[in-house]
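This report goes through one protein model, from its overall make-up to selected strand pairings, a helix contact and a group of aromatic rings. Please keep the sequence and the 3D view at hand while reading.

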Amino acid sequence: MGKICTTEMSAPPAPIKRVAAYVRVSLETDRLKHSLAAQTSYFSELIRSNSGWEPAGIYADSFISGTETSRRAGFQRLITDCEQGKIDIVLCKSISRFARNTVDLLETVRHLKQLGVEVRFEKENINSLSADGELLLTILASFAQEESRSISENVKWGIRRRFQSGSAEMRNKVVYGYRWEGGRYIIQPEEAEVVRGIFRDYIAGISLRRIAERLGTAGTKTCRGFGFCHNTINYIVHNELYTGTIVLQKTFVKDFITHARSQNRGELPQYRLCGCHEAIIDEETFAKAQEESRRRAATKQVYCFSKKLICGSCGKPFTRLSNNGKYVCWHCRDCCGIKLKEDKLFSLFGMSSEEISARISSAAVSEDGRLEVRFCDGGTEIWQYE
């Protein structure tokens, strides 16, 4: 009988995995700068020491909160490279380094999972592709988000304590007419004279647009080197800082996840610090300017499209531009995008001004001229401005 020969088949080598790491610190301190460097060094060495791994990069974000992923450039580059198939595994120190927002975390991990990208969290020993990975992520991410909320509340408490003591650091250090030097506002004589002229013109009844045009003709620039506009003049005549007074907590962070700031309209106390620096405008002049502002608001003509045409980009209402009635259009002052001719708007709506005021709730305007019109009865229609 012949011999039966058996050949032992060797298993094919495992494919090399392309491995990246994500590191982040949220506060700018020497200790945390060292922490970021330590994380980067640790993951670089860990990836190089594994024979089955190939380095795919270290993605880092410095001094940025983890509650909003859209603000993190390093994080966004990481996701883009994963989508382009450049990464197989993502390493991260902990869930809180990756994201403190539970919704963002789960959406991102699920998205990467669909792409076949595995995310490993070292501290919690969680693998996103494992059977119980998502359950553990949901539970632990909720704790991370609650920790972020607690930190936010503690920071707010500390800021308000400093407000109460009058020792808070100023947020706005760039103010026309002053320069911030040695912890206080110092008058700039030439700019201060411009500010006084603005107040004189405004109290005399000259429009904000006319004041801006006068300054433009004179070649006067803001402290950032731009020309004066309607909004800049309006800000100056309503800013009590020119009287030597500082009002703290005019705005506040309403949502600790998005960090969006809201105007303080009585939700929180404000703190008024008088005599903090040399005044450019006396109290009487400032009071006259505020009285003039109230007079203008009371006599301001309201049009049927006022506060109904809303910019789809920034969410602010359109304003009306008129060239002595010869050319009338509506546009967003901030975005400076599309301009809508008033006569064409009436043709598009097919209603009188009274009907528009009574029937239309709002109309969101996109850059391509598409209007999402909402009616007072709850209906919605999409119209195209041509």
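The sections below take up the overall content, then the sheet, the strand pairings, the helix pair and the aromatic rings.

## Overall make-up

The model is predicted, and its secondary structure comes to 11 helices and 18 strands. Of the 386 residues in the protein, 38% are buried. Among contacts with a separation of 6 or more, 57% are between residues that lie 24 or more positions apart.

## The four-stranded open sheet

An open sheet is formed by 4 strands in the order β12-β16-β17-β18, and the pairing within this sheet is mixed. Strands β12 and β18 are its edges, each pairing on one side only, and neighbouring strands of the sheet are turned against each other by 25° on average when direction is ignored.

The mixed character can be followed strand by strand. Strands β12 and β16 run parallel and are joined by 3 bridges, with A363 in β16 as the bridge partner of L309. Strand β16 (residues 360-365) and strand β17 (residues 370-375), by contrast, run antiparallel and are joined by 5 bridges; here S362 has R374 in β17 as its bridge partner, while V365 stands opposite L371 in β17. The hairpin of β16 and β17 has 4 residues between the strands, and in this hairpin G369 takes a positive phi near 85°.

## Strand β14 and its partners

Which strands pair with β14, and in what sense? Strand β13 (residues 319-322) pairs with β14 in the antiparallel sense over 4 bridges, and C329 in β14 is the bridge partner of L321. Strand β15 (residues 340-341) also runs antiparallel to β14, to which 2 bridges join it, and L340 in β15 is the bridge partner of W330.

Strand β14 (residues 328-331) is covered on both faces, with V328 and W330 buried on one side and C329 and H331 buried on the other. C329 and W330 thus appear both among these buried residues and in the bridges to L321 and L340, respectively.

## The contact of helices α6 and α7

Two packed helices are described by the angle between their axes and the distance between the axes. For helix α6 (residues 189-203) and helix α7 (residues 208-217), the axes come within 10 Å and cross at roughly 145°, and the crossing in which α6 passes α7 is right-handed. On the side of α6 the contact involves V194, G197, I198, D201 and Y202, which meet L208, I211, R214 and L215 in α7. By class, this contact has 6 nonpolar, 1 polar and 2 charged residues.

D201, which lies in helix α6, deserves a separate look. Is D201 buried or exposed? With a relative accessible area of 16%, D201 is buried, since the cut-off for that class is under 20%. When residues up to four places away in sequence are not counted, D201 touches I206, I211 and R214; I211 and R214 are also among the α7 residues listed for the helix contact.

## Aromatic pairs around F349

The structure holds 17 aromatic pairs. One of them joins F305 and F349 edge-to-face, at 5.4 Å centre to centre and with 65° between the planes. Because F305 lies in the loop between α9 (283-299) and β12 (309-311) whereas F349 lies in helix α10 (residues 342-349), this pair ties together parts that are 44 residues apart in sequence. F305 counts as buried at 1% relative accessibility, and F349 is buried with a relative accessible area of 6%.

F349 also pairs with W383: their ring centres are 5.1 Å apart and their planes stand at 85°, so this pair is edge-to-face. Since W383 lies in strand β18 (residues 380-384) and F349 in helix α10, the pair ties together parts that are 34 residues apart in sequence. W383 is buried, as is F349.

Which residues belong to the cluster that ring pairs link together? The cluster consists of Y303, F305, W330, F346, F349, F375 and W383. Its member W330 is one of the buried residues of strand β14, and W383 belongs to β18, an edge strand of the open sheet described above.

Definitions and conventions. Residues are numbered from 1 along each chain as its sequence is written. This is a predicted model: local features need pLDDT of at least 70, side-chain atom pairs count only at pLDDT 80 or more; totals for chains, interfaces and linings use all residues. Side-chain values use heavy atoms; hydrogens and water are left out. Buried means under 20% relative accessible area, exposed over 50%, partly exposed in between (1.4 Å probe, protein chains only). Two strands pair if DSSP finds at least two bridges between them. Axes are lines fitted to C-alpha atoms, for helices over the stretch in contact, and angles run from 0 to 180 degrees between N-to-C directions. A crossing is left-handed if the near helix is turned anticlockwise from the far one by less than a right angle, and right-handed if clockwise. Contact means heavy atoms within 4.5 Å. Ala, Val, Leu, Ile, Met, Phe, Trp, Tyr, Cys and Pro count as nonpolar, Asp, Glu, Lys and Arg as charged, and the others, Gly among them, as polar. Rings of Phe, Tyr and Trp (its six-membered ring) pair if their centres lie within 6.5 Å; planes under 30 degrees apart count as stacked, over 60 as edge-to-face and the rest as tilted.
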